[in-house]
Amino acid sequence: MRITTITMALAVASLISSANAAETIEQRAVTCFACHGEHGQSEMENTPSLGGQQAPYALIQLFMFREKLRTFEPMNDMTKAFTDDDLQKFSDFIAKLPKPQPPVDVGDPARMQRGLALAQANRCNSCHNADFSGKENVPRLANQREDYLNKTLAEYKDNSRHGYDGTMADVMGSVTKEQIPDLAYYISHYR
Amino acid sequence: MRINSSVPRSLLLAGAFISVFSYGAAAQTPASPQPLPPGSPMIGRPDNEAAQKLAPVAAPPIAAAPDKLPMDKLKVPAGFNLEVYAAGMPNARSLALGDKGTVFVGSRTVDKVYAIVNKDGKREVKIIASGLYRPNGVAFKDGTLYIAELSKISKIEKIEDNLDNPPKPTVIYDNLPKDEAHGWKFIAIGPDNKLYVPVGQPGNNVLHDKDHGQIRRINLDGSGAEVVAVGVRNTVGFDWNPETKQLYFTDNSRDWMSEDLPNDELNRVTKVGEHFGSPYCWQGNIPDPEFGWGHSCSEFTPPVGLMGPHAASLGIRFYTGKMFPASYKNQAIIARHGSWNKTNKFGGDVVVAHLNKDGTVKNIEPIVTGFLQDNKYVGRPVDVMLMKDGSMLISDDWNGAVYRLSYGKAKVAAQ
């Protein structure tokens, strides 16, 4: 955890120091890769993979970080000085990174079955699409990190993460805490 | 919900009420371990491919630059003019006018209330409150601004004297549910000098307790709460008829029943406590496929007008100004935010509802159109508000802008 904190601190520092330089988006994104992984796939605990994310969703999240409507200090710091144009550029860039790959193991059949049933019962497909690729303001979920999905679903459930609108708070109303791990497991292993 | 696939198609009324069956059956059906949460917009969604493509549409988070506003696409009738009044206010929603000409603007997806002020011959946007939770509603009376967040009402006194350094809002009323679904609020002060506060139904189509699905009124100090209307699904705009002093409110009807039904409603309150049907009866004549059993639409007050399917009729104000042609006098001007729960989107315009002598709607005519282009939004009107010179302001949460609609020789608003 200490390493994570130091990495983040360095990342924030390097971003702030380079904010005014005439760098390309690829150069500036090196900072993002430090935590979110180089090829769209995160290898850091509780940190989402960004690859193939829907650009309008990514834009909303970057905006919410800048406005402190979504609270996570490293990201709030990182986006503090972003212009609207920066937000747009980074979200377009993120969308073009390769989407995360499913884990090597195909997943425990019983858990996959339970997760599938939950996803169907709660109609995740209605907005996130049958293949969890997302659309527009609705994020791609397929093969997102399991720990991040767990964390996020729990935060939507207790309303500690406020969505851009109330949709996920409503959806999580009747998903129990005990069901969240199976749902996260299924979506992260989806193929 | 897999169990639906075994139901013959002919038995489905647009598939709308099937989820109810699965709701009840969920306990016995292993494939459906969970009913949908009561607030979910997906309740009642039929299981077919076209319906699965529909999801609530979210406005872009960043306000459009003034030169990127869709002014060339927005159309008005001959003699009317439309101009940008102010821009750069992410998610601009409800409007209220101060005594000294300040225009207050609420928001829903951000945490801010804006003020558009006239200063040294120029209009300028200030943020007068931030860190609020879905501060959609604003109202103004005797120097005081009232702000409605998701579950509380607060006020800032002498706001127009303190626009550069306003004090934090003081809460006057918070005996309100905290549901996200239809929890954001439009508010207004009636001719009885009371603040009218809606509490939406906590989901698309749900039975609910006595604290939801209604319009309340409170005294301006937050005391004396009283329910004025029930059977209200989600009203995001109301005003009082200048002749009869009766409260007219728009109401958004349910989703997923069908592409073309039910219509949104324009309702009129003639006595305290009247029931307007939701969730038992829609548009005065369609019993709800799920909750309508055991009820008749004749139990409820029918709407005075139908506003179109899934149209999201929001802001409404009666035109009592002198600038527009005489045919607009005392007629209802209504912003239709536009549909999401419909393959071919509907609404995305500002209309005038001409009224009959008995106060019912005679016909509806568009005034501002073009927010919807090729089935996509280039803007979405939320609220309308009369200015002292007789022009009307229109807010657009998609672009974070406010427009000014005027009639006659094109002239810029008083600076």
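In chain A of this predicted model, buried residues make up 53% of the 191 residues. The secondary structure of chain A consists of 10 helices and zero strands, so that a reader who follows the sequence meets the pattern α-α-α-α-α-α-α-α-α-α. Among the contacts in chain A with a separation of 6 or more, 70% are accounted for by residues 24 or more positions apart.

One pair of these helices can be followed in some detail. Two packed helices are described by the angle between their axes and the distance between the axes. In chain A, the axes of helix α3, which covers residues 55–66, and helix α5, which covers residues 84–96, come within 8 Å and cross at roughly 140°. That angle makes α3(A) oblique to α5(A), because the name "roughly antiparallel" is kept for angles over 145 degrees. The crossing of α3(A) and α5(A) is, in addition, right-handed.

Which residues bring α3(A) and α5(A) into contact? From α3(A) come Ala55(A), Ala58(A), Leu59(A), Leu62(A), Phe63(A) and Arg66(A), and these meet Asp84(A), Leu87(A), Gln88(A), Phe90(A), Ser91(A), Asp92(A), Ile94(A) and Ala95(A) in α5(A). Sorted by character, the residues of this contact divide into nine nonpolar, two polar and three charged.

Further along chain A, Lys135(A) has its place in the loop between α7, residues 124–128, and α8, residues 146–157. The side chain of Lys135(A) makes a polar contact with the side chain of Asn129(A), at 3.0 Å. Gly107(A), by contrast, is 28 residues away from Lys135(A) along the chain, and the C-alpha atoms of these two residues are separated by 26 Å.

Chain B can be described in the same terms. Its secondary structure comes to two helices and 29 strands, and buried residues make up 62% of the 415 residues in chain B. Of the contacts in chain B with a separation of 6 or more, 56% are accounted for by residues 24 or more positions apart.

Within chain B, Arg336(B) is found in strand β22, which covers residues 332–336. Is the side of the chain at Arg336(B) buried or exposed? Arg336(B) has a relative accessible area of 9%, and it is therefore buried, since that word applies under 20%. When residues up to four places away in sequence are not counted, Arg336(B) touches Met307(B), Ala311(B), Ala312(B), Ser313(B), Phe346(B), Gly347(B), Gly348(B), Asp349(B), Val351(B) and Pro381(B).

Terms used:
Residues are numbered from 1 along each chain as its sequence is written. Chains are lettered from A and ligands numbered from 1 in the order in which they are written. This is a predicted model: local features need pLDDT of at least 70, side-chain atom pairs count only at pLDDT 80 or more; totals for chains, interfaces and linings use all residues. Side-chain values use heavy atoms; hydrogens and water are left out. Axes are lines fitted to C-alpha atoms, for helices over the stretch in contact, and angles run from 0 to 180 degrees between N-to-C directions. Helices (H or I, at least four residues) and strands (E, at least two) are DSSP runs, numbered from the N terminus. Angles under 35 degrees count as roughly parallel, over 145 as roughly antiparallel, 65 to 115 as roughly perpendicular and the rest as oblique. A crossing is left-handed if the near helix is turned anticlockwise from the far one by less than a right angle, and right-handed if clockwise. Contact means heavy atoms within 4.5 Å. Ala, Val, Leu, Ile, Met, Phe, Trp, Tyr, Cys and Pro count as nonpolar, Asp, Glu, Lys and Arg as charged, and the others, Gly among them, as polar. A polar contact is a pair of N or O atoms within 3.5 Å; within protein, one must be able to donate a hydrogen and the other to accept it, and residues adjacent in sequence count only if both atoms are side-chain atoms. Buried means under 20% relative accessible area, exposed over 50%, partly exposed in between (1.4 Å probe, protein chains only).
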